[in-house]
Amino acid sequence: STDIWRKRYHWIIDRITACWTDIIISNSFSGRDALIEKGGISPEKIRVIPNGIKLYEPKKVIKRDDFGIKSSEYIVGTVGNLRKAKGHIYIISAAPLILKEYPDTRFVIVGEGELKDALIRETERLKISDRFIFTGFVDNPTDIVSLFDVFVFPSLWEGCPVGLLEAMMLGKSCIAFPVGDIPYIIEDGVSGLLVKYKSIEKLASAVITLLKDKQLREDMGNAAHKRVVEHFSLEVMMKRYISTYIELTCCFINKSI
């Protein structure tokens, strides 16, 4: 885990239990680095197998009309629990700059959490609440994400985020801060855009760049889909796990002979 809530004793427990393991699998390179730096675990014992997601097409049972969004309006959205780590406040703060260039933009935030009321109040303070839609918890958000023109993922810290991978799988042009494994997932300028950490201006500029150029959005979306298929699909992840288990089994057999 890369979460900052982890205490010293969590890392001590990891270090102790590592003595009884042959291999530790981390689903992110940032998770591996945390185990090495904070847990004091040998790098040779850690193997990284990134998250893999199922490749599927959205059912498209949800339409723009369901949210009162016109066909002429752009949709900029995100998915994630409404807590500080997910950085939703940066989308809200960047919205006035985006609306100045594209006043017909609607912002859709999918998710539930402790900051929901505070985030809504901030949209009201900025007098842009009519441009925002908070859907609350959605069991299968991919249908909503399929409506997005631009997917923004402003997390402040991450491991290997499934929400971002799902948006890329759907062929969405994505924007994110370069935290955790995101620079490994998104090839900046090819399969998405990485912007300066916590920069409201850079975030807004990236959104405007994508809204301005439909071809760029499509090219990046196609590259994002290809990236997920080749490196972050469920099939690829399963092959990596199976290969690891076979390797461990062979080592055990050889030691036993």
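Does Phe148 count as buried or exposed, and at what relative accessibility? In this predicted model, Phe148 has a relative accessibility of 2% and therefore counts as buried.

## Overall form

The chain holds 10 helices and eight strands. For its 257 residues, a compact globule would be expected to have a radius of gyration near 18 Å, and the value of 20 Å computed for the chain agrees with that expectation. Along the principal axes, the C-alpha trace extends over about 70 × 35 × 30 Å. Of the 257 residues, 48% count as buried, while the accessible surface of the chain comes to about 13,600 Å², with 54% of that area belonging to carbon and sulfur atoms.

When contacts between residues at least 6 apart in sequence are considered, 69% of them join residues at least 24 apart. As for charge, the chain carries 36 positive and 33 negative charges, and the mean positions of these two sets are 3 Å apart.

## Aromatic pairs

A search of the whole structure finds 10 aromatic pairs. One of them is formed by Tyr90 and Phe177, whose ring centres are 5.7 Å apart and whose planes stand at 90°, so that the pair is edge-to-face. This pair links distant parts of the chain, since Tyr90 belongs to helix H3 (residues 88-101) and Phe177 to the loop between strand S7 (173-176) and helix H7 (182-185), with the two positions 87 residues apart in sequence. Tyr90 is buried, with a relative accessible area of 15%, and Phe177 is buried as well, at 1% relative accessibility.

Another pair is that of Phe148 and Phe151, where the ring centres lie 6.3 Å apart and the planes meet at 25°, so this pair is stacked. Phe151 counts as buried at 0% relative accessibility, and Phe148, to return to the opening question, is buried at 2%. Elsewhere, Phe29, Tyr184 and Phe232 form one aromatic cluster.

## Helix H6 and Met168

Helix H6 spans residues 162-169, and its buried residues are Leu164, Leu165, Ala167, Met168 and Met169. What repeat should be kept in mind when reading such a list of positions in an α-helix? An α-helix has 3.6 residues a turn, so residues three or four places apart point the same way. In H6, the buried set includes Leu164 and Met168, as well as Leu165 and Met169. The cover over the buried residues of H6 includes helix H5 (142-145), strand S6 (150-153), S7, H7 and helix H9 (214-231). After H6 comes Gly171, whose phi is positive, near 80°.

Met168, which lies in helix H6, counts as buried at 0% relative accessibility. Leaving aside residues up to four places away in sequence, Met168 touches Cys174, Ile185, Ile186, Ser191, Gly221, Ala224, His225, Arg227 and Val228. For one of these partners, Ile186, the position along the chain is 18 residues from Met168, and the C-alpha atoms of the two residues are separated by 9.1 Å.

## Loop residues

Three loop residues are set out below, each with its location and its relative accessible area.

| Residue | Loop | Relative accessible area | Class |
|---|---|---|---|
| Lys127 | between H4 and S5 | 72% | exposed |
| Ser129 | between H4 (116-125) and S5 (132-136) | 36% | partly exposed |
| Lys198 | between S8 (193-194) and H8 (200-212) | 40% | partly exposed |

Phi of Lys127 is near 60°, which is a positive value in a residue other than glycine. Lys198 likewise has a positive phi, near 65°, and is a residue other than glycine.

Which residues does Ser129 touch, if those up to four places away in sequence are not counted? On that basis Ser129 touches Thr123 and Glu124. By contrast with these contacts, Ser129 and Gly189, which are 60 residues apart in sequence, have C-alpha atoms 31 Å apart in space.

Terms used:
Residues are numbered from 1 along each chain as its sequence is written. This is a predicted model: local features need pLDDT of at least 70, side-chain atom pairs count only at pLDDT 80 or more; totals for chains, interfaces and linings use all residues. Side-chain values use heavy atoms; hydrogens and water are left out. Helices (H or I, at least four residues) and strands (E, at least two) are DSSP runs, numbered from the N terminus. The radius of gyration is taken over C-alpha atoms; the globule rule is 2.2 Å times the number of residues to the power 0.38. Buried means under 20% relative accessible area, exposed over 50%, partly exposed in between (1.4 Å probe, protein chains only). Contact means heavy atoms within 4.5 Å. Accessible areas come from the Shrake-Rupley method with a 1.4 Å probe; for residues, only the protein chains shown count as cover. Lys and Arg count as positive and Asp and Glu as negative; His and the chain ends are not counted. The place of a charge is taken as NZ of Lys, CZ of Arg, CG of Asp or CD of Glu. Rings of Phe, Tyr and Trp (its six-membered ring) pair if their centres lie within 6.5 Å; planes under 30 degrees apart count as stacked, over 60 as edge-to-face and the rest as tilted.
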